[in-house]
Amino acid sequence: MPSRSLYFRDLRILAAGAQSVSGILLAALVMAFAPFPEPFVEPTERTIGVMASSFEFSPAEISVNPGDLVTIELTSADVVHGLYIDGYDMQISADPGQTQTLTFTADKSGTFRLRCSVTCGDLHPFMIGKLHVGSNTLLWRGFGLATLSVFTLLVWMPATFRKRNQDTPDVEI
Amino acid sequence: MLKYNLLQHTWIKTLTTNRWPLLIARAVALGGFVFAILAGIIGTPVGNHNFAIVAVWIAWWAALMLVIVPFLGRSWCAVCPIPMPGEWLQNGAVLGPIQDKNKRKKFRRFPKIFRNIWLQNVAFTLLALFSAVILTRPSVTAWVLLGMILIAAGLSLVYERRAFCRHLCPVGGFIGLYSQLAPVELRVIDTQVCKAHTEKSCYQGSENGFGCPWNIYPGGMISGKSVNTNCGLCMECLRTCDYDNIALNLRAFGADIQPQNKIKLDEAYKAFIMLGSALVYSAVMLGPWGSLKNAAYQVGTLPWFGYAVALLAFTWVLLPVSFYLITQIANRLNPTSQSPRQNFEAYASALLPLGLAAWVAFSFSFVFANISYLWPVLSDPFGWGWNLFQTAGVAWTPIFSSQVPALQVLVLIGGLIWSGNTTQKIAIDRNASRQTWPVMAFIFAVTLLLIWLFVA
Amino acid sequence: MKKEILARLVVLVLVSGMGLSALVFRIGDNSGIVEVHAAMPEKGGWLTDSIEAQVGEPLVLSLVSDDVVHSFALGQSDFEPVDVLPGVPTEITLTFDEPGPYTFYCTRWCGADHWRMRGTITVTGDEPFSKDLPDPPLYLQLGIDIDDPHENHDLVLDEQPSALRGSVLGLTTPSEFLTQAYYRSHSPHQVWDELRKVPSTSELSESQIWDVVAWVWAQNTNSTKLAEGEALYQRDCAACHGVDGDGEGIFGAEEISGDGTPHEAGFDGHTIEAPTSFQDAGQMLTASPALLQGKIIRGGMGTGMPSWGLIYTEEQTWNLVDYLWTFQFQKSQE
């Protein structure tokens, strides 16, 4: 069938469904912004040794709890490397044999990339690690929104529009 | 369908039909291109302080993936410097036609077997195999750029029109495919005029301009029926059309992605290669796995062969085959009379929005983290200690590092919804709405994988 | 046709303009600045590693790294080392008062072979190279063979000697034990043996005599010297010998197989031996400061230990030697 009419029908269907769109929108907003149930863990002090070598951090991923006082002891194994934390915008650098420390309070939750901040060779821009503070709510919200999207497309929209558009029987959804 | 012809504004019409603005834009682009090659070869070998790497892989790539392709479609191809020298040699002219078209030398048609984008698929995959080196070593980038311009020129001396752009350019392949999503198009206004016009000056060329350099028949570009894929927005047909019958339309996003506009197998493969390489790049370049990075980088070693085999298997076999199986399951669920290949091709275009979203999300990551390298490089493009604009000392500082992950999720969700909706339209068009489910499951799974790679 | 010619001109200017002007600028640049590139030793080290200069004439160097962070330092001088950054040139000006060869070197670790990054600036002038040789270092004057085995693995102390405790006990120590010449030419074990023979220490237990030895060592240094020694140690030694002097620095531990046998390492296949642990009493208490000075100056000759003779001033070497003893003796209170 010609696309033109399909397009206009889509518009009409959308207009008709506008009222019940609010339900889906509300669900999406809840998924995106509602406080995430997270088990409270008493903050502690942590010291984490991180070995930097071309082109990785070891351990590549470090996990702490929100509120922890974190000290990263950065050691380089070959050349001068740095460590920059996304989101926290802090950095240190260390020469091989001279461990450097960075202390901060993990007051932002989420997952942040660690990046090498001192040019250390060709792959330097891709030298990446991760810092997890608490549970990764963004990941779960993303998964939730993806699921909601699929639900909306597969279940909710067909049901809604079939009900509201019985006058356009050629629409088979 | 809502369309808005931009050419009703005189200034836009002048800008596009007059030869000078585009010529100057292209010449500046070619100047930058030559400069990048020069910087790559004689500048510092340190990538993040060399114009070749920073201008091409950070600035140009950011502009291409975040702005030009999603919003302006193939318009990069209108100013791309790569085909220029060859085109000038072919035409014997820089500005416009200077010879009688009958006296023009005849060039061969591109071999029929390659009149598709399979070679582009291969070219892109080849670059992907060596990407860790190409993206980081200025000299390698320079040789790749130089190689592309030489190959393009060589092809122009043998084959007619822009054979390189249409059939070989590793970038052009995906720009073309994703330009179906962009909200601009060049289309005929009144098809009857074209039917009656026997000279077909838009294809054959005239004293006003060259016949379509992209080797399509502009008279056949019909709104709602044709797609953007092969139109390079070079504006030549605006100049050659004797009846002012061509419009440069603003339109809805993704207007080409319609059930009746099936993509062909070579284009479907391009969709898989793009989706697959976005996944692989995200794992290799943004992931925390150092051995994977070193494997991709140490070209010629055993780990690199492992990486190469994995990349090839994933993008050329695993993804397409699993999607093929998905479409066969879909057809089992809700049988139609179409062949397995038709089922496969019918749904492949549903992957375009998600593929573009994946590349936009991927580009967010490294572009915002590294765009601050641009300021020092503009002041000191060769790493020779210059300070042209007093920005040589600007330190590397990632921007939006807190916001990027959420943005990536949003973009991917957008891609998922768009791809899912496209799937539904295709299924409805085939009178087989239950076919939606398996295809949607595939798209959903790929989305989850992408979200996990970007923000986990 | 006129338009076409104009178009060709415009294109020619726009396309070649930027590149050509960059090239002209580059080639026309004859300011006399010497460009020095730094790369990891296996990729070439200093390019160039031999520079010529004239006495009294400023030598301008443009230092840039082609890979990772390096630095430029000048041996046996008070020149403050300058970082050599990837892709970002740094200009320095050096003026030499005396003719002669000067060693420049890298102070920021850039791989296991970092210490091989050395080069020479040959300064010529009206006068010939320094006429009279300086006095040979102490270890040569004393005729110490620094490759002679000296260690005594049976020497194990229950507790680290303490200069603080020794300061009380050592009040009656004869003054000949306290001279610098005596300190530098004797190992702690020799001093301990000698002290045992002195009547004034006959009351003391074995470990108390060790405390007196520690005190003797403390008398021959001070916190300023130790601070400089520590700085040099952390910069140049810790990567192999370990921050704590345990011989398990980042390169020491990595390059050596578990049993400490030498094996091939480095890009030219030289062998490397396990770095000495300065916490090992059997090694350290049997070595005299002069012996350690010799080892630092000459290096390990194929063991992986670099030679520092052209790098450190005599004073720096002694300060570093002083610092090495802090791995054996408890630090004295000020």
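Chain A and chain C bury about 1,100 Å² between them, with 61% of that on carbon and sulfur atoms. Buried area here is the accessible area (1.4 Å probe) that two parts lose on being put together, summed over both. On the chain A side, Val79(A), Gly97(A) and Gln98(A) lose the most area to chain C, together 33% of what that side buries. In terms of contact (heavy atoms within 4.5 Å), 15 residues of chain A meet 17 residues of chain C.

Before going further, a word on the ground rules. This is a predicted model, where local features need pLDDT of at least 70 and side-chain atom pairs count only at pLDDT 80 or more, while totals for chains, interfaces and linings use all residues. Residues are numbered from 1 along each chain as its sequence is written, chains are lettered from A and ligands numbered from 1 in the order in which they are written, and side-chain values use heavy atoms, with hydrogens and water left out.

Back to chains A and C: there is one salt bridge between them, and a salt bridge means a side-chain nitrogen of Lys or Arg within 4 Å of a carboxyl oxygen of Asp or Glu. The partners are Arg108(C) and Asp95(A), with their closest N and O atoms 2.7 Å apart. The interface also has three residue pairs in polar contact, both residues being at pLDDT 80 or more. A polar contact is a pair of N or O atoms within 3.5 Å; within protein, one must be able to donate a hydrogen and the other to accept it, and residues adjacent in sequence count only if both atoms are side-chain atoms. The side of chain A that touches chain C splits into seven nonpolar, six polar and two charged residues. For those classes, Ala, Val, Leu, Ile, Met, Phe, Trp, Tyr, Cys and Pro count as nonpolar, Asp, Glu, Lys and Arg as charged, and the others, Gly among them, as polar.

Chain A itself has two helices and nine strands, where helices (H or I, at least four residues) and strands (E, at least two) are DSSP runs numbered from the N terminus. The order from the N terminus is α-β-β-β-β-β-β-β-β-β-α. Of its 173 residues, 50% count as buried, using under 20% relative accessible area for buried, over 50% for exposed and partly exposed in between (1.4 Å probe, protein chains only).

Now look inside chain C, which is divided into domain 1 (34–124) and domain 2 (135–334); the bounds come from an automatic or database domain assignment. The domain centres, taken over C-alpha atoms, are 30 Å apart. Between them, domain 1 and domain 2 of chain C bury about 1,600 Å², 59% of it on carbon and sulfur atoms. Gln76(C), Trp109(C) and Arg118(C) supply 37% of the area that domain 1 buries against domain 2, more than any other three residues. You'll find zero salt bridges between these two domains, but six residue pairs are in polar contact.

Chain B has its own pair, domain 1 (1–256) and domain 2 (300–455), with C-alpha centres 23 Å apart. Here 35 residues from domain 1 and 28 residues from domain 2 take part in the contact. The buried area is about 2,700 Å², and carbon and sulfur atoms give 82% of it. Salt bridges between these domains number zero, while seven residue pairs are in polar contact. On the domain 1 side, α3(B) gives the largest share, eleven residues. That side divides into 25 nonpolar, ten polar and no charged residues.

Salt bridges do turn up elsewhere: the structure holds 27 over all chains. In chain B, Glu87(B) and Arg26(B) pair at 3.0 Å, N to O, linking helix α5 (residues 84–91) to helix α2 across 61 residues of sequence. Glu87(B) counts as buried because its relative accessibility is 11%, and Arg26(B) is buried too, at 12%. Chain B also has a salt-bridge network that links Lys3(B), Glu185(B), Arg187(B), Arg251(B) and Asp256(B).

In chain C, Asp211(C) and Arg165(C) meet at 2.9 Å, N to O. Asp211(C) is buried at 4% relative accessibility, whereas Arg165(C), at 31%, counts as partly exposed.
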